[in-house]
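Please walk through the structure shown below, beginning with how exposure to solvent is described and moving on to a sheet, a set of charged pairs, a surface patch and a helix.

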2 protein chains.
Amino acid sequence: MKYPNKIKKLHHNETNYANRGMTLENDLNLTNNYYLENNIAIIYKKATPIQVVKINYNNKKHPLIKEAYFQTPSTTDYNGVYHGKYIDFEAKETKNKTSFPLTNIHKHQLNHIEKVIEHGGISFIIVRWTTLNETYLLKGETLISYINNKKQKSIPLTFFKKEGYIIKENYQPRLDYLKIIDLIYIGDSNEKNNTLSKK
Amino acid sequence: MKYPNKIKKLHHNETNYANRGMTLENDLNLTNNYYLENNIAIIYKKATPIQVVKINYNNKKHPLIKEAYFQTPSTTDYNGVYHGKYIDFEAKETKNKTSFPLTNIHKHQLNHIEKVIEHGGISFIIVRWTTLNETYLLKGETLISYINNKKQKSIPLTFFKKEGYIIKENYQPRLDYLKIIDLIYIGDSNEKNNTLSKK
């Protein structure tokens, strides 16, 4: 397998596949690599947008960026294609045990999720409760509706348990979130196409 | 309209909409902004991947990146969603007048285009011939087939004229490439779904 070195290393160093010190981002990278290598889907983490201010061109082939700043992403973390469908999601970790603070998701990210759904794409969030070691997928539609109706500043874990879908950890792929996408979007294609497609 | 300041400025400074000094990237950014504002599609330029080596955290809210390097992108420049379909493309300029050198597109980018098509996405390249001031869209399928069959190091302009689609410049949107996507993919959905969908 052609995992990038960094990921390969993390993978080899593990003694078991329980989530000991692996971040959600690492798990998703491993999962997306698995999807890519096994020709299941093409989903990448988007590069972090960086504003470059000063560049030193002494080495023309490898210019050195001397001054730069992180920019706030205007969209979500991951996107790609699965069975022709546009997939777009945000992944977050929380140390909390009972509720997920909505300050974790920016307003423009919520707008983006809403727009993606409006345009017939599949959009969701993946939230890992690190203390509990549980990871849930919550449909974008459910998230937006919760925010619009409940006017709360956080989403209780009980809501994730009731309205979301738990993603079990496996050896390969580590977090098989596309299995849930199959179940809730792709399998049920007639109904979902009607709900999701642009008016 | 809520164009970012930079784009607004470029837009206002123009005296006519002929392509005088506007780069293809600027034109595509204006076009994608138009699509976004008018609720037509959600297509973004991907951020340039940058490897960050040293960060100064003196200002905690705005950490300063002191050393970083540009990385080679492993995919294409733009992606997004249009009518539920995954859209993915690369944009290139050439000063040449008769042929487009294939060194402009990396091997891993070609692989990516091929994979996107295999997974039912819509993938293509947009090439601007800056000296001639002409811009063409070439389907990914056509590009891959040309490369596999012709074993040439460049694609002649005549091939673009015959097998590609010219994108006329307008006031708004500047480069209405989705009109061509409508024509060659979306409109003809039955035939194309058969050709494009994953086996």
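A residue is called buried when its relative accessible area is under 20%, exposed when that area is over 50%, and partly exposed in between. The model is a predicted one, and these words will be used for its residues throughout. With a relative accessible area of 46%, Lys161(A) is therefore partly exposed, and Glu134(A), with 22%, is partly exposed as well. The two residues form a salt bridge in which the closest N and O atoms are 3.2 Å apart. Because Glu134(A) lies in strand β8 (residues 134-139) of chain A and Lys161(A) in helix α5 (residues 157-163) of chain A, this pair ties together parts that are 27 residues apart in sequence.

Chain B can be read in the same manner. Here the side chains of Glu134(B) and Lys161(B) meet in a salt bridge, at 3.2 Å from N to O. Glu134(B) belongs to strand β8 (residues 134-139) of chain B and Lys161(B) to helix α5 (residues 157-163) of chain B, so that this pair, too, ties together parts 27 residues apart in sequence. Glu134(B) is partly exposed, with a relative accessible area of 22%, and Lys161(B) is partly exposed, with a value of 47%.

Which strands make up the open sheet, and in what order? The sheet has 4 strands in the order β2(A)-β3(A)-β3(B)-β2(B), and their pairing is antiparallel. Its edge strands are β2 (50-56) of chain A and β2 (50-56) of chain B, each of which pairs on one side only. From one strand to the next, the twist averages 35°. In general, the strands of a sheet pair through backbone hydrogen bonds, in either a parallel or an antiparallel sense. Within chain B, β2(B) and strand β3 (residues 64-70) pair in the antiparallel sense over 6 bridges, and Ile50(B) stands opposite Phe70(B), which lies in β3(B).

On the chain A side of this sheet, a salt bridge of 3.6 Å, N to O, brings together the side chains of Glu67(A) and Lys54(A). The pair links distant parts of the chain, with Glu67(A) in strand β3 (residues 64-70) of chain A and Lys54(A) in strand β2 of chain A, 13 residues apart. Glu67(A) is buried, with a relative accessible area of 18%, whereas Lys54(A), at 49% relative accessibility, counts as partly exposed.

Salt bridges can also join into networks, and one such network links Asp27(A), Arg128(A), Glu169(A) and Arg174(A). Over all chains, the count comes to 18 salt bridges.

A nonpolar patch also appears at the surface, where Ile55(A), Tyr57(A) and Phe70(B) make an area of about 280 Å². Ile55(A) lies in strand β2 of chain A and, at 30% relative accessibility, counts as partly exposed.

The last stop is helix α6 (residues 177-186) of chain A, in which Tyr177(A), Leu178(A), Ile180(A), Ile181(A), Ile184(A) and Tyr185(A) are buried. Why do these residues lie on the same side of α6(A)? They cover an arc of only 145° around the axis, which puts them on the same side of α6(A). The face of α6(A) turned away from this buried side carries the exposed residues Lys179(A) and Leu183(A).

Methods
Residues numbered from 1 in each chain as written. Chains lettered and ligands numbered in written order. Predicted model: local features only at pLDDT ≥ 70, side-chain atom pairs only at ≥ 80, totals over all residues. Heavy atoms only, no water. Buried < 20%, exposed > 50% of the residue type's maximum accessible area, 1.4 Å probe, protein only. Helix = DSSP H or I, 4+ residues; strand = E, 2+ residues; numbered from the N terminus. Arc of directions from axis to C-beta. Pairing = 2+ DSSP bridges. Axes fitted to C-alpha atoms, helices over the stretch in contact; angles between N-to-C directions. Salt bridge = Lys/Arg side-chain N within 4 Å of Asp/Glu carboxyl O. Patch = residues over 30% accessible without salt bridge, like charges linked within 9 Å, V, L, I, M, F, W, Y side chains within 5 Å. Areas by Shrake-Rupley, 256 points an atom, 1.4 Å probe, with all protein chains shown as cover.
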